[in-house]
Amino acid sequence: VSLGLALGGVRTRVEEEDDDGGPGTLAALREALKNRRMLAWLFAAASCDLLDEVFVAFAGLYLFSRFHPTIEARSLVLAGFMTGGVLGVIALERLLARGAPARRILQLTSLFAALCFLGWMAAPGLALSAVALAGVGFFAAQLWPLTEAEAYDSFPGSARIVQAVSGLFAP
């Protein structure tokens, strides 16, 4: 939808150059769609975005079928996941402000999110499940901003084009 809107708004201006002599919007879109690195990072960012949306529903169903808790207990566990996510984004901001390398943070958070997920799946009780799920939230919340930043970094100077192409990966 985003790409369609971007192209629809561009039809009135199909020049191959902008006013400043740079590539026009259509030329930039063509170039962006050839940029495999950017497309890969946008796919990764979309996958991280889906993790937040789909995972919560999956987690609620999994908790119900595995532990049979009350709705209040499930809500509390899922609130822990979301609280972990908020704390994870705060921690990410502080790490980046201190100069930590983004790519290294991405590698570590990916690893720890996967480990916490495995711990959540193997948790023998609701309490340990809640702790592991909060860990998943903490580390997984850091993935989307980092992958999105890598996508923008792979096509510098064209944020509007990257945003338009990201619409191809929208659920």
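Start by selecting helix α3, which gives 4 residues to the lining of the largest pocket, the largest share of that lining. You are looking at a predicted model, so please read each stop on this tour with that in mind.

**Stop 1: the largest pocket**

Keep α3 on display and add α7 and α8 (159–166); each of these three helices supplies at least two residues of the lining of the largest pocket. The space inside this pocket comes to about 150 Å³. Now show side chains for A46, D49, W144, E148 and S166, which are the closest to its centre among the 11 residues that line it. What kinds of residues make up the lining of the largest pocket? Colour by type and you will find 7 nonpolar, 2 polar and 2 charged.

**Stop 2: a salt-bridge network**

Stay with α7 and select E150, then add R37. Their side chains meet in a salt bridge, with 3.4 Å from N to O. This pair joins distant parts of the chain: E150 sits in helix α7 (residues 143–153) and R37 in helix α3 (residues 36–67), 113 residues apart.

Next, bring in R103. Here too there is a salt bridge with E150, and the closest N and O atoms are 2.9 Å apart. R103 belongs to helix α5 (residues 102–122) and E150 to helix α7, so this link spans parts of the chain 47 residues apart. With R37, R103 and E150 all selected, you have a network of salt bridges in view. The count of salt bridges in the model comes to 2.

Is E150 buried or exposed? Turn on the surface: E150 is buried, at a relative accessible area of 10%. Its partners are another matter to check: R37 is partly exposed at 38% relative accessibility, and R103 is partly exposed with a relative accessible area of 39%.

**Stop 3: S154, in the loop after α7**

Move on to S154, in the loop between α7 and α8. S154 is buried, with a relative accessible area of 11%. Which residues does S154 contact, leaving aside its neighbours within four places in sequence? Select N35, R37 and M38 to see them. You have met R37 already, as a salt-bridge partner of E150.

**Stop 4: H68, an unusual backbone angle**

Now go to the loop between α3 and α4 (71–97), where you will find H68. H68 is not a glycine, yet its phi is positive, at about 55 degrees. On the surface view, H68 shows as exposed, with a relative accessible area of 59%.

**Stop 5: aromatic rings**

For the last stop, show the aromatic side chains. A search of the whole structure gives 11 aromatic pairs. Select F112 and F139 to see one of them: the ring centres are 5.3 Å apart and the planes lie at 40 degrees, so this pair is tilted. F112 is in helix α5 and F139 in helix α6 (residues 126–140), so the pair ties together parts 27 residues apart in sequence. Now swap F112 for F138. The ring centres of F138 and F139 are 4.9 Å apart, and with planes at 85 degrees the pair is edge-to-face. For accessibility, F112 is partly exposed with a relative accessible area of 35%, and F138 is partly exposed at 25%.

To finish, select F55, F58, Y62, F81, F117 and W120, which together form one aromatic cluster.

Note on methods: Residues numbered from 1 in each chain as written. Predicted model: local features only at pLDDT ≥ 70, side-chain atom pairs only at ≥ 80, totals over all residues. Heavy atoms only, no water. Salt bridge = Lys/Arg side-chain N within 4 Å of Asp/Glu carboxyl O. Buried < 20%, exposed > 50% of the residue type's maximum accessible area, 1.4 Å probe, protein only. 1 Å grid on protein atoms, 1.4 Å probe; cavity = no way out; pocket = protein on both sides within 12 Å on 5 of 7 lines; lining within 4 Å. Points joined across faces, edges and corners; volume = space filled by probe spheres on them. Nonpolar A, V, L, I, M, F, W, Y, C, P; charged D, E, K, R; others polar. Contact = heavy atoms within 4.5 Å. Phe/Tyr/Trp six-rings, centres within 6.5 Å; stacked < 30°, edge-to-face > 60°.
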